[in-house]
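User: Hi! Could you walk me through this model with me asking as we go?
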Number of protein chains: 2
Amino acid sequence: MQIAILVYDHMTALDAVGPYEVLSRVPGAETIVVGAQRGPVRCDTGSLAVVADAALEDVTCPDVVVVPGWSGSTQDAALRPGPIQTWLSAVDEHTTWTASVGAGALVLASAGVLAGRRATTHWLALDRLAELGVVTAEASVVFDGKYVSAAGVAAGIDLGLALAARLADEQTAKAIQLLLAYDPHPPFDCGSVDGAPADIVSSMRAVRDFIVDGAPAA
Amino acid sequence: MQIAILVYDHMTALDAVGPYEVLSRVPGAETIVVGAQRGPVRCDTGSLAVVADAALEDVTCPDVVVVPGWSGSTQDAALRPGPIQTWLSAVDEHTTWTASVGAGALVLASAGVLAGRRATTHWLALDRLAELGVVTAEASVVFDGKYVSAAGVAAGIDLGLALAARLADEQTAKAIQLLLAYDPHPPFDCGSVDGAPADIVSSMRAVRDFIVDGAPAA
């Protein structure tokens, strides 16, 4: 079983590393980090680079593909037709599971993969995802057939565990959760629009252009 | 304000990337990924490499240092006296905050930094941390003066947010939490010893040697 984690410049590191940390511990899984070219890609906040060990052409039939999101604009390469979109469209023909975290759903949708499917994305990107022909759902992790999407950055960990239970079994997923000691205690009740103070939500909406209209990142 | 994220071979990726994702968004903070040498380090499960942009000697006075944990044995370089321990001991003299995630507390303790301090670590490593002269505490995030430690892999996100509230202010930390849509919904109640099924806990204890006695990683 091969699990391909896609990486690309300006991606959000935790979107990829959350699922990676879980899925790379599934027994029998070979996890591979794949990018447009082999070599480092630099993440959105600029101070972290991760290495693509494989180029797109090296990975032709992954069983699972995981697509992280990014911070940037809709002018970014992440949403333009290009090698990543071509690759996603091709490998999706063969996958058992196709997964996205945060704005990664926009990347999948831009590759035509999610048309008519139910999926979630970062709360600031839900309307953009709908414009791309996806039936949006506001939940932490959303399954629709073989497609699974996580809403937030850290929800990629939740997605990883939900997927691990299906790739292996529930006992294995629970063991991985305990091994990672994943017992979250967010210090604030501020991880969703429902819980967050209104002034923070409105200031975020004011900079939502960081995802949808090409303004500078927040 | 300079925030140094230490990276090293066999580290647990999420231990570093969780706090990174939060702290790199603190206004005015320069985050730098530092390793024994510049260049890639390969994480514990083997399929992900992250890049150290700076070598230890390039970073002499960080305001904050974050030390991730690793999977391996107590024979690993992570716990042997060496350049990393020398560096940690030196930079700790100048930090405003010195932080660890998971087994990263063992790395700090092996550098003599946490002697007599209260700290937490991965649940399988608590007794080893006590042997290193640390007063162990079983909580998600533990503060003792300028020292802050997170118990689990994903608790590094909680640590990052708690630290962001102190480096900036609570409003900023809340905004980062909402930007990351950090609203965790673990699919299982299995992230701590208290919630996990007894058979999983006992099998984990059986392989606890992955941290403390030099047996192969789980």
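Analyst: Happy to; we can take the interface, then the salt bridges, then the core. This is a predicted model, so local features need pLDDT of at least 70 and side-chain atom pairs count only at pLDDT 80 or more, while totals for chains, interfaces and linings use all residues. Residues are numbered from 1 along each chain as its sequence is written, chains are lettered from A and ligands numbered from 1 in the order in which they are written, and side-chain values use heavy atoms, with hydrogens and water left out.

User: Cool. How many residues of chain B are in contact with chain A?
Analyst: On the chain B side, 62 residues are in contact with 62 residues of chain A; contact means heavy atoms within 4.5 Å.

User: And what area do the two chains bury between them?
Analyst: About 5400 Å², of which 66% is on carbon and sulfur atoms. Buried area here is the accessible area (1.4 Å probe) that two parts lose on being put together, summed over both. In chain B, the residues losing the most area to chain A are L178(B), L179(B) and F188(B), together 14% of what that side buries.

User: How many residue pairs are in polar contact across the interface?
Analyst: The rule finds 34 such pairs between chain B and chain A, both residues being at pLDDT 80 or more. A polar contact is a pair of N or O atoms within 3.5 Å; within protein, one must be able to donate a hydrogen and the other to accept it, and residues adjacent in sequence count only if both atoms are side-chain atoms.

User: Which element gives the largest share of chain B's side?
Analyst: That is α6(B), with eight residues of the side that touches chain A. Helices (H or I, at least four residues) and strands (E, at least two) are DSSP runs, numbered from the N terminus.

User: Switching to charges: how many salt bridges are there across the interface?
Analyst: Four by this rule, which asks for a side-chain nitrogen of Lys or Arg within 4 Å of a carboxyl oxygen of Asp or Glu. Over all chains the count comes to 16.

User: What does D44(A) pair with?
Analyst: D44(A) forms a salt bridge with R25(B), the closest N and O atoms being 3.2 Å apart. D44(A) lies in the loop between β3 (39-42) and β4 (49-52) of chain A and R25(B) in the loop between α1 and β2 of chain B, so this pair joins two chains.

User: Are those two buried or exposed?
Analyst: Both D44(A) and R25(B) are buried. Buried means under 20% relative accessible area, exposed over 50% and partly exposed in between (1.4 Å probe, protein chains only).

User: What about D53(B)?
Analyst: D53(B) forms a salt bridge with R42(A), with the closest N and O atoms 2.8 Å apart.

User: And which residue does E170(A) meet?
Analyst: The side chains of E170(A) and K174(A) meet in a salt bridge (3.9 Å, N to O). They are four residues apart in helix α6 (residues 170-179) of chain A, so about one helical turn separates them. E170(A) counts as partly exposed, at 44% relative accessibility.

User: New topic. Where is L161(A)?
Analyst: L161(A) sits in helix α5 (residues 155-167) of chain A and is buried, with a relative accessible area of 1%. Not counting residues up to four places away in sequence, L161(A) touches residues including V22(A), I176(A), P187(B) and F188(B).

User: Last one: which residues have the most contacts inside the largest nonpolar core?
Analyst: W87(A), L88(A), W87(B) and L88(B), in a core of 166 residues. A nonpolar core is a set of buried Ala, Val, Leu, Ile, Met, Phe, Trp, Tyr and Cys residues joined through side-chain atoms within 4.5 Å.
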